[in-house]
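Q: I'm new to this structure and would love a close look at a single part of it. Could you walk me through one spot with some unusual backbone angles?

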Amino acid sequence: MKLAYWPGCVSRGFTSELHGSMALVAERLGIELVELDRANCCGAGVIAEHNQELADTLNARTFALAQETGLAMMNICSTCQGAQSECQQRLDADSSYRAHINEVLSGQGLAYEKGKDGFTNKNFLWVLVEDYGLDQLAAKVQRPLSGLRVGPFYGCYVVRPKERLGYDEFPERDLYLEKVIEALGGEVVEYDGARKCCGFPVITMNRETSLRQSGTHVGDAIDAGADCLVTPCPLCHLNLDMQQPEAAKVVNRDLGLAVLHLPQLVGLALGYEPKQLGMSKHIASTGLVEERLAGVPA
Amino acid sequence: MAEYTLKVRRYQPESGEGPYWEEFQVDLDPSLSVLDGILQAKDRDDGSLAVRCSCRAAICGSCGMKVNGSSTLGCKTMLGEAHEAANRRREADAAPPRGSDEQPPPGSANGSAANPIVVEPMGNMPVIKDLITDMESTHWEKIRRVTPWLLPHGNPPEREYVVEPESMIDITQSMACIQCGACVSSCLSMEADPGFIGPAALAKAYRFVGDPRDAETKERLHDLAHDPHGIYDCTHCFSCIDACPKGVAPMDQIMRLRRKAGEEGIEDPNNGHNHEAAFIKIIEKKGTLDEALLLQESYAPGVKGKLKPTKSAIKGLLGSIPTVIRAFKTGKARSLSKLIPGVHPKLPDGAQDEVKAIYAHAEEHREEFNLYIKGEEDVEPEPDEREVETA
């Protein structure tokens, strides 16, 4: 399997362990990634909020760069998925609007073509389940995550709005994390916050609201017996992990729950060591996860 | 006809007891609604089961409720689809709704054991009885908060106002609201901050901000941008978009309010405008996000040149220091580009110039493509429609 790969900004910034672990995991899964190193930020909804045409043109440029490779596109960030899907929905809806946007790109020798070579842009989570296959994933597992209790945390941008995100065709996309956890041999922990908002988008605007959201979800997962959370979104990771000590103050309770990036969880099952996957960089200790897996030989 | 189990969250204040779950068996066609099911249970099993409803056709907006955890109208959700949603993950069993202490027991539908359809009153609102909520403090009070009437120039004209039809198109989406409260029920910002003005009221606010007859546009925007529970308190979770039975997409209306506030140059104490302006400037210069610069510029724009951060901005910047120190300690933020604003690299090999060219073009072009109004083209006709066409 060969894919055009958009890592996004945050996976190369504050969560560089995500980009690193994705590279390792892709290698062991036999997925070849062609990185789109000339592509730009998706705008995270912020640019669209300011000037929709600007956001649509910037993302059309990324899609056009991906289409140049002739490959399907993969991202590793729920927020990229949501922001890019929003622009793609508008671009795909109307040929004259698409032509209008492509006029700007034509100066750069680029064009976005609807459905070219069956073009898709999917988060790693969707690729794993829909294209790679859970059976094939399970067959690659070298260290089953047995005994590890994992709470899924999706990130809003891959679960809503359903109509935009392909749920008509793939109605179980909001159950994929559970399926992956099970395929890796782990145990799914059900708790209230799995499909709720981490609060990241308002961290600089209403810190209290933001941290109450992340603190509540982490607390609920702890109460439900989770050893860790797993998320396909690095922005959720920032609010759930990096801000966790601050969130604990807002919700006024002890927290301390590891939050893994999806490729890290997959990587552990594929036999990589926590340190190789950058887990030592996390703010919330991953010690409990390592302890649970210590008894399982890689 | 099929049999369905409705598991209803009940609350009877006069009993002095807390809320409890009760199951009802109903026997109806899958194409009939969850509300029809509730009314059959009320008719056949328990007349005290309380629900608010009127038109049964998604027009009056009375029967807002949660079905399988999703906020919606009871009359617009078909029993068949609700049953399917409840059983999408049969083998592992979906999480019980908040407040329930047991797994949903197997009920029966279509002759086989199945998860029941879970019906609850709307969220983010006090419950009066069973499925009836008190919408006064959480919905109507907030609607009144945004001055939901026209504030026109001078005295009204002798006859009707005359406006270009095109100038009203932009607000037709927000005008479609039927005040059912499903978006308020689903709002994840309001769950964390009950003071948030919320999706319904802010969508209503846009209905007047976007109205060419209204003369208080800037005042309205200033008010909603300055309120700590206003337009910058929306956490962008899309819940209201999925919940709305009329396609109002309240979150999109909130983003339009933010866009208009930006266009009016309204500075706010919530760092909303600064954050947006900083983000956009950084992508123009660097192509990808310089997180260190975003943090600095969101709170204290132009710190290198003319320093004029507000008190709340300084507090915000100082408040983020412990997080940065922790990130430094673990190695998460130990590179120069993560610590020093502006060190982050540009895109390689002329790619940054391409991004800049897009920005330059966008300064003159701000087309807003509204799918609600324009709809999708290029839709292949359904096979049966095609046959009719060729016949």
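A: Happy to! Let's start with N124(B), which is partly exposed because its relative accessible area is 24%; buried means under 20%, exposed over 50% and partly exposed in between, with a 1.4 Å probe and protein chains only. N124(B) sits in the loop between β7 (117-120) and β8 (127-129) of chain B, where helices (H or I, at least four residues) and strands (E, at least two) are DSSP runs numbered from the N terminus. Its phi is near 60°, a positive value in a residue other than glycine.

This is a predicted model, in which local features need pLDDT of at least 70, side-chain atom pairs count only at pLDDT 80 or more, and totals for chains, interfaces and linings use all residues. Residues are numbered from 1 along each chain as its sequence is written, chains are lettered from A and ligands numbered from 1 in the order in which they are written, and side-chain values use heavy atoms, leaving out hydrogens and water.

Why do such angles catch the eye? Most residues other than glycine have a negative phi, and most peptide bonds are trans.

F238(B) also has a positive phi, near 70°. This residue belongs to the loop between α9 (217-226) and α10 (239-243) of chain B, and F238(B) is buried, with a relative accessible area of 2%.

Over in chain A, the peptide bond from R160(A) to P161(A) is cis, with omega near -10°. P161(A) lies in the loop between β5 and α8 of chain A.
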